[in-house]
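Student: I'd like a close look at one single part of this model, the place where two of the chains come together. Please take it slowly, since these terms are new to me.

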Number of protein chains: 4
Amino acid sequence: MSNSKVGIWLIGARGSIATTVMVGATAIRQGLMEAGGMVTATEAFVDLPLTAIADLEFGGCDIRPRTLLESARQLQEESGCFGQGIIDRTVDALCEIDGRISMGTTINCGATIEDLASGSCRNDRTLLEDIEKIRQHIQQFKVDRGLDMVVVVNLASTEPLLELAECHQRLALFLNVIDRNEKALVRASTLYAYAAIREGCPYINFTPSNAALIPALVTLAQDSGVPVMGNDGKTGETLVKSALAPMFASRNLEILSWEGFNILGNLDGKVLNDPDNCASKLKVKDQVLEKILGYAPHSKVHINYVPSLADQKTAWDFIHFKGFCGAKMTLQFTWQGYDSLLAAPLVLDLARLAVLAKGRGESGLMPQLASFFKAPLGVAEYRHAAQFEMLGKYVDKIRSSPNESDRAVG
Amino acid sequence: MSNSKVGIWLIGARGSIATTVMVGATAIRQGLMEAGGMVTATEAFVDLPLTAIADLEFGGCDIRPRTLLESARQLQEESGCFGQGIIDRTVDALCEIDGRISMGTTINCGATIEDLASGSCRNDRTLLEDIEKIRQHIQQFKVDRGLDMVVVVNLASTEPLLELAECHQRLALFLNVIDRNEKALVRASTLYAYAAIREGCPYINFTPSNAALIPALVTLAQDSGVPVMGNDGKTGETLVKSALAPMFASRNLEILSWEGFNILGNLDGKVLNDPDNCASKLKVKDQVLEKILGYAPHSKVHINYVPSLADQKTAWDFIHFKGFCGAKMTLQFTWQGYDSLLAAPLVLDLARLAVLAKGRGESGLMPQLASFFKAPLGVAEYRHAAQFEMLGKYVDKIRSSPNESDRAVG
Amino acid sequence: MSNSKVGIWLIGARGSIATTVMVGATAIRQGLMEAGGMVTATEAFVDLPLTAIADLEFGGCDIRPRTLLESARQLQEESGCFGQGIIDRTVDALCEIDGRISMGTTINCGATIEDLASGSCRNDRTLLEDIEKIRQHIQQFKVDRGLDMVVVVNLASTEPLLELAECHQRLALFLNVIDRNEKALVRASTLYAYAAIREGCPYINFTPSNAALIPALVTLAQDSGVPVMGNDGKTGETLVKSALAPMFASRNLEILSWEGFNILGNLDGKVLNDPDNCASKLKVKDQVLEKILGYAPHSKVHINYVPSLADQKTAWDFIHFKGFCGAKMTLQFTWQGYDSLLAAPLVLDLARLAVLAKGRGESGLMPQLASFFKAPLGVAEYRHAAQFEMLGKYVDKIRSSPNESDRAVG
Amino acid sequence: MSNSKVGIWLIGARGSIATTVMVGATAIRQGLMEAGGMVTATEAFVDLPLTAIADLEFGGCDIRPRTLLESARQLQEESGCFGQGIIDRTVDALCEIDGRISMGTTINCGATIEDLASGSCRNDRTLLEDIEKIRQHIQQFKVDRGLDMVVVVNLASTEPLLELAECHQRLALFLNVIDRNEKALVRASTLYAYAAIREGCPYINFTPSNAALIPALVTLAQDSGVPVMGNDGKTGETLVKSALAPMFASRNLEILSWEGFNILGNLDGKVLNDPDNCASKLKVKDQVLEKILGYAPHSKVHINYVPSLADQKTAWDFIHFKGFCGAKMTLQFTWQGYDSLLAAPLVLDLARLAVLAKGRGESGLMPQLASFFKAPLGVAEYRHAAQFEMLGKYVDKIRSSPNESDRAVG
């Protein structure tokens, strides 16, 4: 393992996923639990120069008026997802981290997200002022904790879809947008991504918000030696879909219809109940089948807010397919998982792998991380097993060129 | 496509799968339907020298006292699985094939299978006499239909497990078993496999019966230039399992329990209701998880006979897994498919690919066909996507060495 | 059984349900099948003076440009729901009935329904002219077939919700609507219901269209000695819901959420894909839980059009409930049924029971038929078992007062 | 509410259900939670002279070498079924009750149960000695806690089926069995039931063990003025079955097959993994359908031990049914509930209702409690709604004859 000290700066730091990331990392550090669910904790990653969980520091920003501890207790009360006593034993760590979570921005995040924001969340700054604030917070975090590197991960609620124009495609034009303070052309996530990349921080867009890693910013990352990747962590229904759809293709069983119904009761569910915000989500989920099958069957993904479920996301998928002699058959599945517990270990994985990539001098998109995302940027491969093999080959390559991976981090 | 004329000689020729193979192939030939469900009908296999469906002839043996047409009509009546009018339009072909289906043997197949046999099914011959009879039938089929090659496919009901001894491991010892007429040491499927290989016919064991491709016979095939493969066509629950289990492994989600409940109402279900015969089936199904995961979770596969379902096999799988922070989550799936319609196209695929292999001078086990089997002989890879990639690489290799594949067939 | 000859005049006579009603009744008459699925075919109804299936005649109206036989063949081809050969053996009867199906009206049925209509479907008549046309068609049917009584059953596609005003509450005001030709205040179903009642025909509203049995028309029926009942045949998800919800109530298990997802591919599904038409449907489905539980849990019913399913409606319901110590538990169910085959026998039941009621001198709403409807008019009881007991008590009462039930029909 | 003090003496007092009963009753008493899941806590039972939860005292016996607190903590750890902090706040009460739990007997309970027993569990006493011991424990409990009445509830693990002979039918013969110490003719539950009835204690057999309320003991109860009832609390799959099967019957939809698969991981599951003990369970579950439908469809109930589920019992039921035109359709349901949390409130209900019955001078079987049991003794009605109505009518009768119900308890 690598001994450098790494900071993870989380956007949406008091949300369910971020809270779970911190509770989990603290519990692992204290030996309260194993790292189940973390891909980089498997044997395949042994001996790679990955940052130890104990060497991770947490910071970030949020917009809601509550403490990290309140978030943790609410998660536990509503979903009972943590083992007994874990919250109690991580109270000190959570309170300490809480002190360094700054106020975020909700610019163009839509009414549903703005309604969640604390009164002290200001949207009256210019774009440049906002960006500077974010950069200062990241710098502060780095200095305060004596960090060799900071990775920024976007875990904020899904923003409404941003219609991409020419100014989002080319870096020069995008810089003009900032200079001219054309607020309508960005969303909060755009500012975070820009600030992170300018700070040299690898940036992970774990959300479907397409405003974050716009082409202009991917170019900036590429040119600045900063690895970035997104979009939208693949944790539940889409994960299963990307494992099952190739099976049908491999057997020449034509998919007639694939209907997916997702119900969940956490904040994510509440925000996705807003059609504007949901559109972003559905866009990344909807393309999976066509990418895998080569044709677009009748298919729709539905997301509904069911408060009593809290964090326990449930999905029912109905798959209608046609076999020999034209016979119609069905596969149905029901997935019941804790949304945050499925996502959190991947956040740790992605941060560790982004640090590794930076250390190896990579920049721009990280296709080796495709299996972690619903809509992996720059990757045509959507079959889960094939995506996972891309990660395996990447790891093999590192193993076979150890010198390169021994380079200093930061 | 290759222009040679190929015969498929089916053991259990009037069973549901065999009947569907013949109805389907006839319907495809007549242009009544497309080849959906056939792997070799996909674009990936275009331009390979595969035998055209129109160039396939069917023959075989069975032990039950009924006609092929009766089987077809019963399937349609009970399961309604064929499109309208298909049976009516294939009557002539079915009746013609029926005339060349000979009487089979049930030696050591257990009471449940013996009870199904026609009165004219004799078990009083010596092993050598039985083998000679089978070889004569195959030869006759070849001569009568003017065939370049015959592939033998075992579609008979699952036999009780054969306990493998030294005599099944080494060819010389096995030849003694036949000479000495030691009936207790073989099952019907052993005789068919031996006869087929001696006739130079590629042999596919589509059933779980382990008595067919015993090590001694694999050696014989290897030495005789005959390609063979088994065991047990992967058509339903196990197919899904082999697609899903790697997904859990790829995410470090520990499987706590995987319980599978299969219900079906066809003859296969009836025979598997006999614990002796079922043991063979469960053996091939039970090992899949451990091979994929590297550990053996609590797991049991149950098979129950539910007559009203007829050919419409239904499986419910309950998967209990552990994620981050030790949280338990579940995935359940229900698979509802026509058993015979899922199997039949694979039989055509396997026959075509076996002919291809023979034409290329291959002999012994065909690991490239692993994705077709629940327990692929000689293959350690049980992950479906990885198995399917083995087939893809095999096809790529043929494409890049066309000369070899142009060799004459037979 | 009663020997009088009864006509069933179906609105939407070439739709899936109506077609199935006629195919089924013909097949029963010919002895091709039993009357499974018909409530009045059970032992509990033996000896009641019900019209024999053989004494039923069919007529009706429709707006679509196709034949009854085409409907029947399409149903069979897409859904394979009829037994083999049934359609072929009922061709003559279907063609004969087809000749007496008249052109209907689509007034205010919404764009989706109007798009389905044949070019010869005219909406330029006055309300009075439309009503007269309908009455003439019913009279003609009665005369032509020498019928003692005609029952009118609405099986047309769901209309958009009609907002009820004072003029729909009181008969006198409603008559003014017709006189003044205020088309905006009625829908097609209103005209059919009015015409039927004026003709002395019992009227069954098997659809959710609330414009049919408006209070003014129930009053008219009550005063005219005509039995009527609705709304919306209870055939699938709601049937199961009305059986399961009382179970939870009986155990003091609080329903936290009840989400229902319905997918179907027939014309009903297509029409319900129009939000206007769907609103009517959801209204009758949505009230069931509150009526049974006494409180309104978080609950939403979703209906989605999935063409490949054709008539095979599939519903997944997710029920989240709270037990002792506040623990959350779940019940999920998946219902897979042929929409038309579930509805058709109930149409025959309702017609027979309406004839019985008319013969007994009943008029106005028929609460004894509550168990057949999603939203039984004038009935507060929504628990299925209790509703079914209402029918049982009604039958018992008839048995104990035989004289009354012996009265001549018509 | 009645003010008398009532004791509940639980057989299997440290098992999951008993533990949950005590944790729950204590938590309700302390105002930590409401009485959700308790039938007698609903409005329908208001004003009935039922014993207040606060006036219930707990005692009992068990055979396992562990404390009640250990049981409670294990339940919480494995299943997380209790709300946060409940166990901690009931520690004192649990420890106090623990002190009065005596050692039980395992006579003829089979090897699986005997293996669970503490070393100090002796089986060398005569039947009479065992009975005397039990009576003394009950008497002691009554005296120590100053109780007006004691109800005995059997919550012990399922015993192997007892083949009923003449000696179990007639009281006189059964008394001889005891006198002659014919141990082979009884099981532990027989002794408990006999002792309870002789002590004048209402006796509830919440288990499927048929050795408890044998006909001879029902006679004894009847003659002694002691109300008794059983067998086997109806908590999960069978509850749903008894609500759904009448729905199919009410629609003349023939059940073709009803397969039920239960998986669970608590001690109940472990004991039921022993075929001898499971036979008792399946017997009470298997008869439900035939009693409701009037015919016996193909049906089998399977119970399997899946340790990771702990107390979270999961059942998948597959229902295949036939409708109009012979079409086959399906209903599947998955039930996921905490076994002990579903059972525990019913134990409190049954005890309260048994006290009420005793106070009203009832004796022998209590048919009004049919809805609580899988196989209600002496009751032919198996439809859940109809059974629940029996309870409603009983309550109505009490309300309309208040004097009778005011009689002193004890």
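**Where chain A meets chain B**

Tutor: Between chain A and chain B, about 4300 Å² of area is buried, and carbon and sulfur atoms give 66% of that. Buried area is the accessible area, found with a 1.4 Å probe, that two parts lose on being put together, summed over both. Keep in mind that this is a predicted model: local features need pLDDT of at least 70, side-chain atom pairs count only at pLDDT 80 or more, and totals for chains, interfaces and linings use all residues, while side-chain values use heavy atoms and leave out hydrogens and water. Residues are numbered from 1 along each chain as its sequence is written, and chains are lettered from A and ligands numbered from 1 in the order in which they are written.

So who takes part? Chain A brings 55 residues to the contact and chain B brings 55, where contact means heavy atoms within 4.5 Å. On the chain A side, A:Arg251, A:Phe324 and A:Cys325 lose the most area to chain B, and together they make up 21% of what that side buries.

You might go hunting for salt bridges here (a side-chain nitrogen of Lys or Arg within 4 Å of a carboxyl oxygen of Asp or Glu), but the count between chain A and chain B is zero. Polar contacts do turn up, in 18 residue pairs with both partners at pLDDT 80 or more. That term means a pair of N or O atoms within 3.5 Å; within protein, one must be able to donate a hydrogen and the other to accept it, and residues adjacent in sequence count only if both atoms are side-chain atoms.

Next, trace the pieces of chain A on that side. Helix 1 (16–29), helix 10 (237–250), strand 10 (328–338), helix 14 (339–359) and helix 15 (384–400) each supply at least two residues. Strand 10 of chain A gives the most, with eleven residues. Helices (H or I, at least four residues) and strands (E, at least two) are DSSP runs, numbered from the N terminus. By class, this side of chain A has 34 nonpolar, 17 polar and four charged residues. Here Ala, Val, Leu, Ile, Met, Phe, Trp, Tyr, Cys and Pro count as nonpolar, Asp, Glu, Lys and Arg as charged, and the others, Gly among them, as polar.

Now for the symmetry. Chain A superposes on chain B by a rotation of 180° with 0.0 Å of shift along its axis, at an RMSD of 0.0 Å; the fit is by least squares on the C-alpha atoms of residues with pLDDT of at least 70 in both copies. That's the relation of a two-fold axis. In chain A, the C-alpha nearest the axis belongs to A:Phe333, 2.0 Å from it. Also, 100% of the interface residues of chain A are interface residues in chain B too, so the copies meet through the same surface.

For contrast, look at chain C against chain A. There the buried area is about 1900 Å², with 62% from carbon and sulfur atoms, and each chain puts in 23 residues. C:Phe261, C:Ser308 and C:Trp316 lose the most area on the chain C side, together 27% of what it buries. Salt bridges number zero between chain C and chain A, and ten residue pairs are in polar contact, both partners at pLDDT 80 or more.
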